[in-house]
Amino acid sequence: MSDLPHSPAADRNKQPILEALTRILGERGTALEIASGTGQHAAWFAAAMPQWTWQPTDADARMLPAIASRVAEAALPNLRAPLLLDVMSSRWPSQGAAFAPDEKFDAIYCANMLHIAPWPACAALMQGAAQHLLPGGLLITYGPYFEDEGTPAPSNLAFDQDLRARNPAWGIRRLQDVGAEARQSGLVLRERHAMPANNLLLAFGF
């Protein structure tokens, strides 16, 4: 059994997210994953979507060896070695050679980052995605959001309170605020999918 870092939440949500991705994305392409964490999503999606090349990244250099080990364990030709990428950096990736001007992606995927990052990271994600998406490409985010319509789920309210107690710069974001940041970078919300455990999967495009 692998002794790599393991996220139970990533294990629970990887299949519902995969099912949404296969409906949203085309048959083939290249995907840049932001905040890959343990690398579980990258390995799962690359295995299930063999015509998609998957590039995992993370802002925490301490996670890169674990992601690299998971990539090696998966041994998939369409799963690349991880890169250090902080969305707040002036260039992507943050270390090594920057992506070439002509290296753009059909999809950029970011799960469970916006609520555990300072709010400026949202604008940085949108700006970077606008620079590195191909025409017709999609930025796909996953996680909890508050919406102006309807009553927030009690579990999300409790989670938000816990996040803000841990770090005042964290917290569940308003979908309308995230959409406004996207529009500032020329992206608009194309699709909204309700997911298990009161999460949303959002697809932004030009």
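**Exercise 1. Describe the second largest pocket: what is its volume, and which residues lie closest to its centre?**

Solution. This is a predicted model. Step one: the second largest pocket holds about 220 Å³ of space. Step two: 15 residues line the second largest pocket, and Tyr145, Glu147, Ala153, Asn156 and Asn198 are the closest to its centre. Step three: turn to the elements. β6 (145-146), β8 (188-195) and β9 (199-205) each give at least two lining residues. The largest share, three residues, is from β8. Step four: sort by class. The lining has seven nonpolar, five polar and three charged residues.

**Exercise 2. Which elements each supply at least two residues of the lining of the largest pocket?**

Solution. Start with the volume of the largest pocket, about 1,100 Å³. Its lining counts 42 residues, with Ala111, Asn112, Met113, His115 and Ile116 closest to the centre. Now the elements. The helices are α1 (8-24), α2 (40-48), α4 (120-132) and α5 (154-166). The strands are β1 (29-34) and β4 (105-111). By class, 25 lining residues are nonpolar, 12 are polar and five are charged.

**Exercise 3. How many disulfides does the structure have, and why are cysteine 110 and cysteine 122 not bonded?**

Solution. First, the count: a search of the whole structure gives zero disulfides. Next, the distance. The cysteine sulfur closest to that of cysteine 110 is in cysteine 122, 9.3 Å away. A disulfide needs the two sulfur atoms within 2.5 Å. The pair is therefore too far apart for a bond. Last, the burial. Cysteine 110 is buried, at 2% relative accessibility. Cysteine 122 is buried too, at 1%.

Methods. Residues are numbered from 1 along each chain as its sequence is written. This is a predicted model: local features need pLDDT of at least 70, side-chain atom pairs count only at pLDDT 80 or more; totals for chains, interfaces and linings use all residues. Side-chain values use heavy atoms; hydrogens and water are left out. On a 1 Å grid over the protein atoms alone, a cavity is a set of points where a 1.4 Å probe fits but cannot get out, and a pocket is an open set with protein on both sides within 12 Å along at least five of seven lines; lining residues have an atom within 4 Å of a point. Grid points are joined across faces, edges and corners, and a volume is the space filled by probe spheres set on the points. Helices (H or I, at least four residues) and strands (E, at least two) are DSSP runs, numbered from the N terminus. Ala, Val, Leu, Ile, Met, Phe, Trp, Tyr, Cys and Pro count as nonpolar, Asp, Glu, Lys and Arg as charged, and the others, Gly among them, as polar. Buried means under 20% relative accessible area, exposed over 50%, partly exposed in between (1.4 Å probe, protein chains only).
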